[in-house]
Amino acid sequence: MKEKGSISIHTENIFPIIKKFLYSDNEIFLRELVSNAVDAVQKIKRLAALGQFNGEIGEPLVEVAVNKEAKTITISDNGLGMTADEIKKYINQVAFSGASEFVEKFKDAKDANEIIGKFGLGFYSAFMVADLVEIDTLSYQENAEPAKWVCDGSTEFEISEGSRSTRGTTITLHINADSEEFLESFKLQEILDKYGKFLPIPIQFGTKSIQEEDGKDADGKTQYKSVEVPNIINTTSPIWTKSPTDLTDNDYLDFYKQLYPFAEDPLFWIHLNVDYPFNLTGVLYFPKLKDDFDFQRNKIKLFSRQVFITDEVKDIVPEFLMLLHGVIDSPDIPLNVSRSFLQADSNVKKINNYITKKVADKLDELFKKDRKAYEDKWNDIGLFVKYGMVSEEKFYEKAKDFALVENTENVFFTLNEYKDKVSPLQTDKNGNVVYLYATDPTTQDTFIQSAKKKDYDVLLLNTPIDTHFVNQMEQKLEKTLLKRVDSGLADKLIEKDEKTESVLSEEESGKIKALFEKVITKPGYTVEVEGYHPEELPVTVSMDEFMRRMKDMAKMGGGMSFYGQMPDSYKVSINGNHKLISKILSAKEQDQEKLAQQAVDLALLAQGMLKGPELTAFVSRSVELI
Ligand SMILES: Nc1ncnc2c1ncn2[C@@H]1O[C@H](COP(=O)(O)OP(=O)(O)OP(=O)(O)O)[C@@H](O)[C@H]1O
């Protein structure tokens with residue numbers, strides 16, 4: 001048997017094109033060939049199970065070997081093998097209509113995956129690293145003859161009698177000069193670890209030495225000897241392929257360590273398992289939110305039938321869950337196609353919804369089962385939950401029942417509980433319930449205390465996501481306003497019908513206003529004199545809630561850049577009923593300004609806004625006044 005022929009495509013030579021486009025990702029050749037080998041072994045097992053193959057299957061095995069001298073890498077399997085006709089059918093008839101279309105379509109392609117998957121070119125990725133590829137194969141079929149296929153990367157191939165005497169396939173790659181790095185064992189080991197750690201068939205790569213017991217010495221101590229054993233690089237049944245009922249917490253924790261050896265133990269996990277309307281299994285872990293660096297490094301890994309594909313899971317996993325860790329395995333995700341396709345793919349949307357729902361269900365379960373434990377974890381999971389609530393409507397609907405808010409006394413409430421708690425005292429004259437919140441309890445302490453004096457409650461909303469969360473709550477919760485505790489005096493924040501009358505006459509108010517306007521020389525400050533409770537602060541400086549929020553959003557890149565550019569504007573509220581104000585009014589003319597200045601500086605100081613030369617001037621004026 002000897003035959004020559006042309007690979008059926010219309011243009012001369014696709015391989016230089018493949019090489020050119022695929023070069024950046026060339027390590028995936030090993031993923032493609034090893035997964036073909038795994039498929040072949042799984043197929044023979046299936047044929048045997050179906051009674052269509054009655055011979056010995058033997059121990060399923062895929063072997064990867066490298067020969068540095070000969071500059072070859074071989075991938076052998078004891079799978080179903082191919083006949084010469086099958087080689088012609090599966091290997092030669094490259095599944096695309098023409099190289100010209102191919103070139104046209106993918107001239108801008110950056111990602112090898114895009115091309116390989118689209119055209120069923122897995123096997124041809126071998127030519128990214130080899131300038132000669134051989135297939136030596138013996139089919140499982142009765143009386144099959146071994147066949148050999150050789151191709152040098154042109155469209156010419158040669159089929160002849162093969163040399164394999166046992167069922168299966170050996171692919172030999174003659175590595176090209178540019179790809180000699182792949183002849184290093186450590187490099188191959190690294191690639192195998194990356195893509196093949198959880199393949200379902202044992203993958204052997206050389207041997208390794210282990211210590212084995214070897215009798216006892218004269219003193220009765222156990223002796224050891226070193227023995228060479230096959231180096232199997234993978235775990236064939238990773239936990240996500242098992243049923244949750246067969247797994248213990250330790251199994252999940254061990255697996256987590258295997259995935260992320262340097263990460264701290266996760267908080268909890270979710271086992272995903274669905275087979276309709278799409279196939280998906282996996283385990284998602286909620287990590288502890290300690291180290292930003294870990295987030296960047298440890299990502300969800302995406303597998304397709306236990307072959308690692310990528311850890312770029314954007315579009316498949318909802319964005320707010322990208323901070324989770326773990327694995328997702330689905331043969332239904334079109335892994336090899338372009339991003340725009342992914343976004344439009346309905347399976348991907350369903351998967352996205354499914355994961356969102358599972359995560360919500362799990363959180364709901366934890367919340368209901370052990371509220372205390374859930375609260376203890378809130379600092380870590382709150383970020384996911386809030387992020388999810390602001391970014392996914394469907395998630396909000398579920399999460400509103402188990403999302404927590406924490407007040408400045410570190411007590412947790414659900415949104416409904418909080419509403420019930422504060423409604424009686426914190427409803428304003430228009431029927432709006434006003435939630436007060438602090439973003440920085442240390443610098444906002446004066447205002448928190450002033451709110452507490454009125455028995456108002458203050459929430460702690462001090463994480464980066466809270467700026468958005470505050471807006472979200474205001475939009476979603478009926479007749480509810482959120483005001484940062486330092487955006488005005490408590491009396492002003494929650495306006496009630498009963499008004500404290502100012503003890504100052506109109507003339508006195510005007511005098512005070514003019515005096516303070518004179519001492520405040522900075523632009524953007526407006527002065528207002530009103531009658532608040534005498535116990536309230538004499539002078540407060542605040543920024544309007546709306547303006548400050550918009551500016552915060554602009555800072556975070558929330559698309560409010562218009563507000564970001566507006567100059568800062570502050571309101572100086574003078575409490576006409578405070579005795580300090582009466583004192584200023586009755587002070588000697590020359591002292592009035594000094595006292596007013598001092599009162600303003602104290603207000604700025606309380607807000608952490610008094611800095612530099614102004615702070616220095618304040619200190620020396622204080623000394624003088626004492
Ligand atoms: N080791 C092997 N043993 C038996 N058949 C093989 C082997 N490698 C490849 N084949 C056959 O060649 C075909 C083409 O392989 P190729 O990798 O190009 O595409 P694929 O595996 O069908 O798709 P893809 O790799 O893109 O997912 C396979 O479908 C299979 O029938």
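## Exercises on sheets, helices and one buried lysine

In this predicted model, an open sheet of 3 strands is ordered E20-E22-E21, and its pairing is mixed.

**Exercise 1.** Work out which strands stand at the edges of the sheet with the order E20-E22-E21, and describe which helices pack on this sheet.

*Solution.* Begin with the edges: strand E20 (525–530) and strand E21 (539–543) are the edge strands, and each of them pairs on one side only. Neighbouring strands in this sheet are turned against each other by 25° on average, direction ignored. Next, take the pairing of E20 with strand E22 (residues 570–575), which runs in the parallel sense over 6 bridges; within this pair, Thr-526 has Lys-571 in E22 as its bridge partner. Finally, add the helices: helix H17 (residues 506–519) packs on the sheet by touching E20 and E22, and its direction makes about 155° with that of E20. Helix H21 (residues 589–606) also packs on the sheet, where it touches E21 and E22, with its direction at about 45° to that of E21.

**Exercise 2.** Trace the open sheet of 5 strands from one edge to the other, and explain why one side of each edge strand is left without a neighbour.

*Solution.* The order of the strands is E16-E15-E18-E17-E19, with mixed pairing. Strand E16 (412–414) and strand E19 (480–484) each have a single partner strand, and therefore one side of each lacks a neighbour in the sheet. On average, neighbouring strands here are turned by 45° against each other, direction ignored.

Now follow the individual pairs:

- E15 pairs with E16 in the antiparallel sense over 3 bridges, and Leu-404 has Thr-414 in E16 as its bridge partner. The two strands form a hairpin with 4 residues between them, and Asn-410 in the turn has a positive phi of about 60°.
- E15 also pairs with strand E18 (residues 458–460), in the antiparallel sense and over 2 bridges; here Asn-407 stands opposite Leu-459 in E18.
- Strand E17 (residues 433–438) pairs with E19 in the parallel sense over 5 bridges, and Leu-436 stands opposite Lys-483 in E19.

As a last step, place helix H13 (residues 415–422), which lies across strand E15 (404–407), E16 and E17 and runs at about 105° to E16.

**Exercise 3.** Decide whether helices H10 and H11 are roughly parallel or roughly antiparallel to each other, and list the residues through which they meet.

*Solution.* The axes of helix H10 (residues 346–369) and helix H11 (residues 371–391) come within 8 Å and cross at roughly 150°. Angles over 145 degrees count as roughly antiparallel, and H10 and H11 are therefore roughly antiparallel to each other. The crossing in which H10 passes H11 is left-handed. From H10, Leu-363, Leu-366 and Phe-367 meet Arg-371, Tyr-374, Ile-381 and Val-385 of H11; the residues of this contact divide into 6 nonpolar, no polar and 1 charged.

**Exercise 4.** Determine whether Lys-398 counts as buried or exposed, and find the residues that it touches.

*Solution.* Lys-398 is located in helix H12 (residues 393–399). A residue is buried if 20 or more other C-beta atoms lie within 10 Å of its own; Lys-398 has 20 C-beta neighbours inside 10 Å and therefore counts as buried. Leaving aside residues up to four places away in sequence, Lys-398 touches Ala-360 and Asp-364. The C-alpha atoms of Lys-398 and Asp-361 are separated by 8.2 Å, although these residues are 37 residues apart along the chain. For the protein as a whole, 37% of the 626 residues count as buried.

Technical notes
Residues numbered from 1 in each chain as written. Predicted model: local features only at pLDDT ≥ 70, side-chain atom pairs only at ≥ 80, totals over all residues. Pairing = 2+ DSSP bridges. Axes fitted to C-alpha atoms, helices over the stretch in contact; angles between N-to-C directions. Contact = placed C-beta atoms within 7 Å. Buried ≥ 20, exposed ≤ 12 C-beta atoms within 10 Å, placed from the backbone. Parallel < 35°, antiparallel > 145°, perpendicular 65-115°, else oblique. Left-handed = near helix turned anticlockwise from the far one by under 90°. Nonpolar A, V, L, I, M, F, W, Y, C, P; charged D, E, K, R; others polar.
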